[in-house]
Amino acid sequence: QVRLVESGGGLVQAGGSLRLSCAASGSIFSISSMGWHRQNPGNQRELVAGISESGRISYADSVKGRFTISRDGASNTVYLQMNSLKAEDTAVYYCNVVLYGTDGRSQYWGQGTQVTVSS
């Protein structure tokens with residue numbers, strides 16, 4: 001059994017900052033990749049940022065230069081530092097983890113955390 005727990009969402013004014021975190025726990029042998037996606041009602045879930053096992057990082061063009069993804073291998077935690085937030089960043093943010101556990105290679109999603117940026 002694997003569990004992802006997200007935290008750090010909330011309401012912030014445009015130009016402000018928030019830091020999201022997502023901790024994976026349970027029967028985990030190793031983690032392949034970790035990332036953050038976001039979704040608004042009626043829209044598809046989109047990749048915001050991802051980090052591979054080797055440390056290769058990718059960002060959506062809309063967040064480059066403003067968001068920073070990082071991971072702590074010791075605690076199986078991934079972070080998303082969001083600076084210079086804009087109203088269009090408002091969404092539910094979901095953590096995504098691909099890992100190797102008792103069920104082999106599996107993908108898990110967090111419960112989602114709301115980020116609201118007021119203009």
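1. Two strands count as paired if DSSP finds at least two bridges between them. In this predicted model, strand 3 and strand 8 meet that condition, with six bridges in an antiparallel arrangement. Within this pairing, alanine 23 has threonine 77 of strand 8 as its bridge partner.

2. Strand 3 also pairs with strand 1; the two run antiparallel and are joined by six bridges. Leucine 4 faces alanine 24 of strand 3 across this pairing, and serine 7 stands opposite serine 21, again in strand 3.

3. Strand 1 spans residues 2-7, and its two faces differ in cover: Val2, Leu4 and Glu6 make up the covered face, while Arg3, Val5 and Ser7 make up the uncovered one. In a regular strand, side chains alternate between the two faces of the sheet. Leucine 4, named above for its place opposite alanine 24, is thus on the covered face, because the covered set is Val2, Leu4 and Glu6. Serine 7, placed opposite serine 21, belongs to the uncovered face.

4. The model has one disulfide. The disulfide links cysteine 22 and cysteine 95, with an S to S distance of 2.1 Å. Cysteine 22 belongs to strand 3 (residues 18-26) and cysteine 95 to strand 9 (residues 91-101), so the link ties together parts that lie 73 residues apart in sequence. The angle about the S-S bond is -75°, which makes the link left-handed. Cysteine 22 and cysteine 95 are both buried.

5. The largest nonpolar core contains 29 residues, and Trp36, Val48, Phe67, Val78, Leu80, Met82 and Tyr93 have the most contacts inside it. Elements that give two or more residues to this core are strand 1, strand 3, strand 4 (28-39), strand 5 (46-52), strand 7 (67-72), strand 8 (77-82), strand 9 and strand 11. Strand 9 provides the largest share, five residues. As general background, nonpolar side chains in soluble globular proteins tend to be buried together.

6. Phenylalanine 67, one of the core residues listed with the most contacts, can be followed through its neighbours. Beyond four places in sequence, phenylalanine 67 is in contact with Arg38, Val48, Tyr59, Leu80, Gln81, Met82, Asn83, Leu85, Asp89 and Tyr93. The contacts of phenylalanine 67 therefore include charged residues such as Arg38 and Asp89 as well as nonpolar ones, including Val48 and Leu80.

7. Aspartate 89 sits in the loop between strand 8 and strand 9. With 1% relative accessibility, aspartate 89 is classed as buried. Leaving out residues up to four places away in sequence, aspartate 89 touches Arg38, Arg66, Phe67, Ser84, Val115 and Val117. Arg38 and Phe67 in this set are worth viewing together, as Arg38 is also a contact of phenylalanine 67.

8. Two residues other than glycine have a positive phi and deserve a look. Asparagine 76 has phi near 55° and lies in the loop between strand 7 and strand 8; at 22% relative accessibility, asparagine 76 is partly exposed. Serine 84 has phi near 50° and is placed in the loop between strand 8 and strand 9. The relative accessible area of serine 84 is 41%, so serine 84 is partly exposed. Serine 84 is among the residues touched by aspartate 89.

9. Aromatic rings form zero pairs with one another under the criterion applied. Charges do sit over rings. The charged end of arginine 19 is placed over the ring of tyrosine 79, 4.1 Å from the ring centre. Arginine 45 lies over the face of tryptophan 109, with a distance of 4.6 Å to the ring centre.

10. Threonine 113 is in strand 11 (residues 113-118) and is buried, at 12% relative accessibility. Apart from neighbours within four places in sequence, threonine 113 contacts Glu6, Gly9, Leu20, Ala91, Val92 and Tyr93. Among these, Glu6 is on the covered face of strand 1, and Tyr93 is one of the core residues with the most contacts.

11. Leucine 11 lies in strand 2 (residues 10-13). Which side of the cut-offs does leucine 11 fall on, buried or exposed? Its relative accessible area is 65%, so leucine 11 is exposed. The C-alpha atoms of leucine 11 and valine 115 are 6.2 Å apart, although 104 residues separate them along the chain. Beyond four places in sequence, leucine 11 touches Thr116 and Ser118.

Note on methods:
Residues numbered from 1 in each chain as written. Predicted model: local features only at pLDDT ≥ 70, side-chain atom pairs only at ≥ 80, totals over all residues. Heavy atoms only, no water. Disulfide = S-S within 2.5 Å. Helix = DSSP H or I, 4+ residues; strand = E, 2+ residues; numbered from the N terminus. Buried < 20%, exposed > 50% of the residue type's maximum accessible area, 1.4 Å probe, protein only. Phe/Tyr/Trp six-rings, centres within 6.5 Å; stacked < 30°, edge-to-face > 60°. Lys NZ or Arg CZ within 6 Å of the ring centre and 35° of its normal. Contact = heavy atoms within 4.5 Å. Core = buried A, V, L, I, M, F, W, Y, C linked by side-chain atoms within 4.5 Å.
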